[in-house]
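Me: I have a structure open and want to talk through it. Can you help me read it?

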Amino acid sequence: MDPWNFFYTCLTSLWLHRFYIYSSVALGISIWICIQFFTSKTIKKDEKFNGNPASAEVAEDKLVNGYATMKAKEVYVAGVKIFYGSQTGTAKRFAKGLAEAVTSLNLSAEVINMGDYDPDDSLTEETTSRNICVFLVATYTDGQPTENAAWFCKWLEETANDFRFGKMYLKGLRYAVFGLGNSVYVDHYNTVGRNIDRWLWMLSASRIMTRAEGDCNVAQSKHGSIEADFEAWKTKFLGRLQALCKGEKKPCSGKCKKGKCKSQGKQSKESSDHEHGASEYENAEAEEFFETTSEEESNAEEAGDTNSVIDVEDLGKIMSHMKKAKKERELEEGGGRTSLSQESAGRKEEGERREMITAALREALTKQGYKLIGSHSGVKLCRWTKSMLRGRGGCYKHTFYGIESHRCMEATPSLACANKCVFCWRHHTNPVGTEWRWKMDQPEMILREAIENHQNMIKQFKGVSGVKADRFEEAMTAKHCALSLVGEPIMYPEINRFLKLLHQHNISSFLVTNAQFPEEIRNLEPVTQLYVSVDASTKDSLKKIDRPLFKDFWQRFLDSLKALSEKGVTYCGESSASNLTMANVPWHEEVVHFVQELADLIPDYEIACEHEHSNCLLIAHKKFKINGEWCTWINYDRFQELVRDYERSRGSKTFTAADYMAKTPHWALFGSRERGFDPLDIRYQRKNKTKDISGC
């Protein structure tokens, strides 16, 4: 047969029978789709039957152009991170057991030694990671954390009480806490677990279930032993974890409408014999296994015992209640105001003065990380000190003047102030006054205890991840003292003696004062650096912003400006005492533009330095520009020599800033590529940009 005729015959046959061919192909595709559909349904039913919590991650079928495709569902739980603080190994053993149980549910589990974990670097990542963080923490001697958990607990406590981080710092982090303790030690039973739970909650982290406590005292243990206590809690935790994996937030009865759950959960009484009425924000009611937010508990905390530790930001309401109660007690005593006035007059006649720091204020400031000294002084570790210890850069003082932040001690000899500034974050509960009217401590004692407390705080960084050994050793000897912690240092009657003592210890002085004490500024003995705060430019605005106590505040302000020039306001954190937010803060480029225009209006002044991280620039007089090179840095050794010569000559041998100035490095100059960041350090960028806490 002719090949062409054969080929033609085949094509003709196919064309004549095309409808049969189309039908066969369509039938085959339909059968294949059905097989795929029923196969996937069977797999999903098997996984649901087996109780696999990861089923929320299984893809569901969807037909696209006749083909079955996979559409991924939302992942509600990515994994579980189990942190343990252990001294004898019990918490570590529990952590490994819990990890095995979590892994059996087809979820990833990571066991983390709290001593090897840097919360400053990594904990904020858990706000968006969709992990569940579990803390298994033991309470050690005298209610202290175990050695491997000490740094984590210290960091968390300071962060929870530091206004610069904000109350929403850990919002999004989901956690559960199991504490290990012994009820024989009644005063310290499970203190660490309770503290971690409270600090996380204060930073807006969300509990997935109520804190549980295991008791080594078998006579008091709820389940007969601490192991049994943990197993009971683990069972509840795994059940709660499975519910979270399915996207459930609360235990549901299945009778919900419009997405609102009407289930109330179980509320059986589980009062503890060890808690003496429970903590300040928890009732002795049953565990309700659903997420708890700070909003749901804020009322309970505010209604708590006023003797509990409170934030300095929250002192306003507490103090008003205390004042009211005090007045009522005074009336009940029957003495009335007359007898109280007579008693007060008698005290003044005897020369007695009350202490500046009240018991409530002392407790609150101590909780915030302040180390209080005597009756009116304090010292605290600056975050820039911690930053430079790790080689992550110093503050603007390092860029502008050469101050080594890791060797800088932040302190104040006076917690009192003569202003009640609207941007103050301290609820205006610190003492105020126009003159010194409190008991006075001697400067020798203040400096001695300030150095001792500063060194003790530095010692806590020994062995902490990232801390440079050479800088740790240097930090043990303070070389600078920033008298800018809080209050008005220049109010302290013995401020000159205190400054002399600093210099005798080869510690430079950086004194910050509000512009209300011009006479005291004039009477100051040599000080390495003197800062005068300028918070407003007109009389009316100064009155509204600083709310000074002096009636002649404007004249005092103008007189004080003769000492030094400019200091601006930068954002320092959230405060219920002020409605200022980041929206009130200009961008750095806006600050640069403003300062450039300002410098053009000031004769003999130019922009010398820049510290972008702190949103700061330095305008300096041209007398500090020698042969075209800026000399804003300080030769601190030379300054100490000049001070000694001044004292030996009884003040006759004077000197000026030009006698101890030093050349400014290129990276600190305005317009440099580094924009004020020391190239010897490595700048650490937080992954969560919304958690920015930068500022001067």
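**Helix 5 and helix 6**

Me: How does helix 5 pass helix 6?
Reply: The crossing is left-handed, meaning that the near helix is turned anticlockwise from the far one by less than a right angle. Helices here are DSSP runs of H or I with at least four residues, numbered from the N terminus. This is a predicted model, where local features need pLDDT of at least 70, side-chain atom pairs count only at pLDDT 80 or more, and totals for chains, interfaces and linings use all residues. Residues are numbered from 1 along each chain as its sequence is written, and side-chain values use heavy atoms, with hydrogens and water left out.

Me: At what angle do the axes of helix 5 and helix 6 cross?
Reply: Roughly 40°, and the axes come within 9 Å; helix 5 covers residues 150–160 and helix 6 residues 191–202. Axes are lines fitted to C-alpha atoms over the stretch in contact, with angles from 0 to 180 degrees between N-to-C directions. That makes helix 5 oblique to helix 6 (under 35 degrees is roughly parallel, over 145 roughly antiparallel, 65 to 115 roughly perpendicular, the rest oblique).

Me: Which residues meet there?
Reply: From helix 5, Cys153, Leu156, Glu157 and Ala160; from helix 6, Val192, Ile196, Trp199, Leu200 and Met202. Contact means heavy atoms within 4.5 Å.

Me: Changing topic, how much of the protein is buried?
Reply: Of its 696 residues, 46% count as buried, meaning under 20% relative accessible area with a 1.4 Å probe, protein chains only.

Me: And what is the span of residues 20–39 made of?
Reply: The span is 100% helix and 0% strand, with its end C-alpha atoms 29 Å apart.

Methods:
Helix = DSSP H or I, 4+ residues; strand = E, 2+ residues; numbered from the N terminus. Buried < 20%, exposed > 50% of the residue type's maximum accessible area, 1.4 Å probe, protein only.
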